[in-house]
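Visitor: Please show me the model, and then take me through one strand and one ligand site.

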Amino acid sequence: MKTYHIALIKGDGIGPEVITQAQKVLDKAGQIYGFEVVYDEFLMGGCAYDTHKTPLPEATIRGCLQADATLFGAIGGAKWDHLPRELRPESGLLALRKALEVFANIRPAIVFDALKLASTLKPEVVCGVDLVVIRELVGGIYFGEPRGKEADCAYNTMRYTPKEIERIAKVGFEFATKRRKKLCSIDKANVLEVSELWREVVTQISKQYPDVELSHQYVDNASMQLIKDPKQFDVILTSNLFGDILSDEASMLTGSIGLLPSGSIGERAALYEPIHGSAPDIAGQGIANPIAAILSAAMMLQHTLHNTQAAQAIWQAVSRTLQKGYRTKDISAFDAKEICNTHQMGDLIAKHLEQV
Ligand code: IPM
Ligand code: MG
């Protein structure tokens, strides 16, 4: 039997609640598809600061590098907002992404048929949306130097080298090749030099992928197009900051940010996490939607553990659970048959997995 070694970072807020459900579904998939998952738990974020006075202990980086992949919940909360930036939970996450060099962040936004009424947009606009945002994750303005805050100003630097753009562009084109062969690169090349370079390099790389239709949009226009006609998109390729913003926007096409998984991959490690945050306002109430975390585990099976069968079965189990009308509170507004709490939703998905 295959054994997968998974580093588990539950994190803060609703992180532990949703990750417990992802483990439940992953373990059930193991029973059905013949693998075992061994978890090693590590701290990161506010909880790490509370015990170790740092948001990212060395042991966490080591553990994630040694594991086959890392599954992570969420970090942050008002409790740690007063800390200096380098000690805040968010800094732990950014430093972890950097340490693992997971430069490609994959964020699919897929509208489940059963949830076509859950979006604030009209069903005919969102029905059938199936896009993926490929976001550069370890460069750009998040990490560019110089950065600083002085008495009379504050500044950050949006910086990319051709090499950084090349490697993320290749990931984007590889995804497009396996999908509907359309890639839209999103930048602000009408204003920013860094975007001009982005556009040049992406255009250059596109020559290696003649089957993929490349288009470019400015980020302001793209944010409008995403709402106006999201079905025009297949693969969206973009930089760190633009990807952060556009992926939150894309999540609302699906009905709830509680539905969107993500995977961050690179040469040496892989990190899977729901795109939602730690939601301190609902933490501990058992009402968080675990689907984003569960689908993050499915993405981990697909992209890093190469167990496509189990991965697809989890997507199907989620889809069937939703088809039957089971809803967590965040997606219950229109057509819930039964409102479930976090662990009931996990149980239902695990049960449906047996029937896929
Ligand atoms: C995300 C989050 C993070 C980011 C925060 C928590 C640092 O918003 O994963 O999208 O900005 O990348
Ligand atoms: Mg974000």
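**Strand β3 and ligand 1**

Guide: In this predicted model, strand β1 (residues 2-11) and β3 pair in the parallel sense, over five bridges.

Visitor: Which residue of β3 does Ile9 stand opposite?
Guide: Strands β1 and β3 are joined by five bridges and run parallel. In β3, the residue opposite Ile9 is Phe72.

Visitor: Which residue in β12 stands opposite Thr70?
Guide: Strand β12 covers residues 270-272 and is parallel to β3, with two bridges between them. Thr70 has as its opposite residue in β12 Leu271.

Visitor: How many residues of β3 are buried?
Guide: Strand β3 spans residues 69-74 and is mostly covered. Buried here means under 20% relative accessible area. The count for β3 is six of six.

Visitor: How many residues of the shell around ligand 1 are charged?
Guide: The residues around ligand 1 are Arg97, Arg107, Arg135, Tyr142 and Asp244. Arg and Asp count as charged, whereas Tyr counts as nonpolar. The shell therefore has one nonpolar residue and no polar one, and its charged residues number four.

Visitor: What share of its accessible area does the protein cover on ligand 1?
Guide: Oxygen atoms of ligand 1 lie 2.7 Å from a side-chain N or O atom of Arg97, 2.6 Å from one of Tyr142 and 2.9 Å from one of Asp244. On its own, ligand 1 has 320 Å² of accessible area, and the share of this covered by the protein is 77%.

How values were computed
Residues are numbered from 1 along each chain as its sequence is written. Chains are lettered from A and ligands numbered from 1 in the order in which they are written. This is a predicted model: local features need pLDDT of at least 70, side-chain atom pairs count only at pLDDT 80 or more; totals for chains, interfaces and linings use all residues. Side-chain values use heavy atoms; hydrogens and water are left out. Buried means under 20% relative accessible area, exposed over 50%, partly exposed in between (1.4 Å probe, protein chains only). Helices (H or I, at least four residues) and strands (E, at least two) are DSSP runs, numbered from the N terminus. Two strands pair if DSSP finds at least two bridges between them. A residue is near a molecule or strand if one of its heavy atoms lies within 4 Å of it. A polar contact is a pair of N or O atoms within 3.5 Å; within protein, one must be able to donate a hydrogen and the other to accept it, and residues adjacent in sequence count only if both atoms are side-chain atoms. Accessible areas come from the Shrake-Rupley method with a 1.4 Å probe; for residues, only the protein chains shown count as cover.
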